[in-house]
Amino acid sequence: MNTLELHYHIYQNNVSVADHYLPWAFSMIESDCESASLYILAALQEPYNIFEAEHYFRRAVEELELKVPTEQECTTYVVYKRLEELMNQPDDLFNKVYDLSTLIIYELDSPKQLASFVEVSDLIDDFLYGDNYLKLTECTLKKEVLTRVEELLQSSKKAGEEGE
């Protein structure tokens with residue numbers, strides 16, 4: 001687990017020692033980061049104390065001089081990771097699109113390039129619950145979803161390269 005993903009869960013008030021702080025500590029150590037607080041965090045044993053973990057996490061962040069990302073940066077990262085997952089594991093595609101659309105609409109400032117993804121959600125709604133005015137088949141709809149996901153990933157990659 002990387003720092004952006006961990007902070008996303010912190011911002012969502014959905015963080016736990018076993019599922020978030022420990023995997024983060026282990027991944028930081030595997031990345032050759034060294035800090036006394038990081039090692040203490042990684043060595044915590046059950047029963048976990050969330051306050052103790054948070055204390056050592058904050059100290060490790062300071063000791064490693066890590067920048068604390070904004071909630072927007074974390075959410076954007078999570079959205080694009082989920083887009084990548086959609087491309088690599090398209091099973092249960094429609095439900096994943098709904099989850100991702102909700103995340104985009106309610107938690108992201110809905111950047112322009114993601115607007116087309118919300119359109120895909122509308123196409124799925126029309127296909128599943130509407131009159132399917134475009135007469136899409138499930139196969140064509142899935143192809144359309146994956147095409148849009150690929151376009152979003154490419155545009156975010158280009159935007160990242162231009163921002164460097």
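The exercises below, each with a worked solution, concern helix packing, nonpolar cores and backbone geometry in a predicted model.

**Exercise 1. Packing of α5 against α6**

Determine how the axes of helix α5 (residues 71-88) and helix α6 (residues 93-107) are related, and state which residues make the contact.

*Solution.*

Step 1. Two packed helices are described by the angle between their axes and the distance between the axes.

Step 2. For α5 and α6, the axes come within 11 Å and cross at roughly 165°. Angles over 145 degrees count as roughly antiparallel. α5 is therefore roughly antiparallel to α6.

Step 3. The crossing in which α5 passes α6 is left-handed.

Step 4. On the α5 side, the contact is made by Gln-72, Thr-75, Val-78, Val-79, Arg-82, Leu-83 and Leu-86. On the α6 side, Leu-93, Lys-96, Val-97, Leu-100, Leu-103, Ile-104 and Glu-107 take part. By class, this contact of α5 with α6 has 9 nonpolar, 2 polar and 3 charged residues.

**Exercise 2. The nonpolar cores**

Identify the residues that touch the most other members of the largest nonpolar core, and the elements that give two or more residues to this core.

*Solution.*

Step 1. The largest nonpolar core has 26 residues, of which Leu-83 and Phe-117 touch the most other members.

Step 2. Two or more residues of this core come from each of α5, α6, α7 (115-129) and α8 (138-163). The element that gives the most is α6, with 7 residues.

Step 3. When residues up to four places away in sequence are not counted, Leu-83 touches Leu-100, Leu-114, Phe-117, Val-149, Leu-152 and Leu-153.

Step 4. A second core, separate and of 16 residues, includes Leu-6, Leu-41, Leu-44 and Phe-57.

**Exercise 3. Packing of α1 against α2, and the place of His-9**

Establish the relative direction of α1 and α2, and decide whether His-9 is buried or exposed.

*Solution.*

Step 1. The axes of α1 and α2 come within 10 Å and cross at roughly 165°. α1 is therefore roughly antiparallel to α2. The crossing of these helices is left-handed.

Step 2. Thr-3, Leu-6, His-9 and Ile-10 of α1 make the contact with His-20, Tyr-21, Trp-24 and Met-28 of α2. The residues of this contact divide into 5 nonpolar, 3 polar and no charged.

Step 3. His-9 lies in helix α1. Its relative accessibility is 15%, so His-9 counts as buried, the cut-off being under 20%.

Step 4. Leaving aside neighbours within four places in sequence, His-9 is in contact with Met-1, Asn-14, Val-15 and His-20.

**Exercise 4. Backbone exceptions in the loops**

Examine the phi of Asn-13, the phi of Asp-92 and the peptide bond from Glu-46 to Pro-47, and locate Asn-13, Asp-92 and Pro-47.

*Solution.*

Step 1. Most residues other than glycine have a negative phi, and most peptide bonds are trans.

Step 2. Asn-13, although not a glycine, has a positive phi of about 55°. Asn-13 is in the loop between α1 (3-11) and α2 (17-30). Its relative accessibility is 72%, so Asn-13 counts as exposed.

Step 3. Asp-92 is likewise not a glycine and has a positive phi of about 55°. Asp-92 is in the loop between α5 and α6. With 48% relative accessibility, Asp-92 counts as partly exposed.

Step 4. The peptide bond from Glu-46 to Pro-47 is cis, with omega near -5°. Pro-47 is in the loop between α3 (36-42) and α4 (50-63).

Methods:
Residues are numbered from 1 along each chain as its sequence is written. This is a predicted model: local features need pLDDT of at least 70, side-chain atom pairs count only at pLDDT 80 or more; totals for chains, interfaces and linings use all residues. Side-chain values use heavy atoms; hydrogens and water are left out. Axes are lines fitted to C-alpha atoms, for helices over the stretch in contact, and angles run from 0 to 180 degrees between N-to-C directions. Helices (H or I, at least four residues) and strands (E, at least two) are DSSP runs, numbered from the N terminus. Angles under 35 degrees count as roughly parallel, over 145 as roughly antiparallel, 65 to 115 as roughly perpendicular and the rest as oblique. A crossing is left-handed if the near helix is turned anticlockwise from the far one by less than a right angle, and right-handed if clockwise. Contact means heavy atoms within 4.5 Å. Ala, Val, Leu, Ile, Met, Phe, Trp, Tyr, Cys and Pro count as nonpolar, Asp, Glu, Lys and Arg as charged, and the others, Gly among them, as polar. A nonpolar core is a set of buried Ala, Val, Leu, Ile, Met, Phe, Trp, Tyr and Cys residues joined through side-chain atoms within 4.5 Å. Buried means under 20% relative accessible area, exposed over 50%, partly exposed in between (1.4 Å probe, protein chains only).
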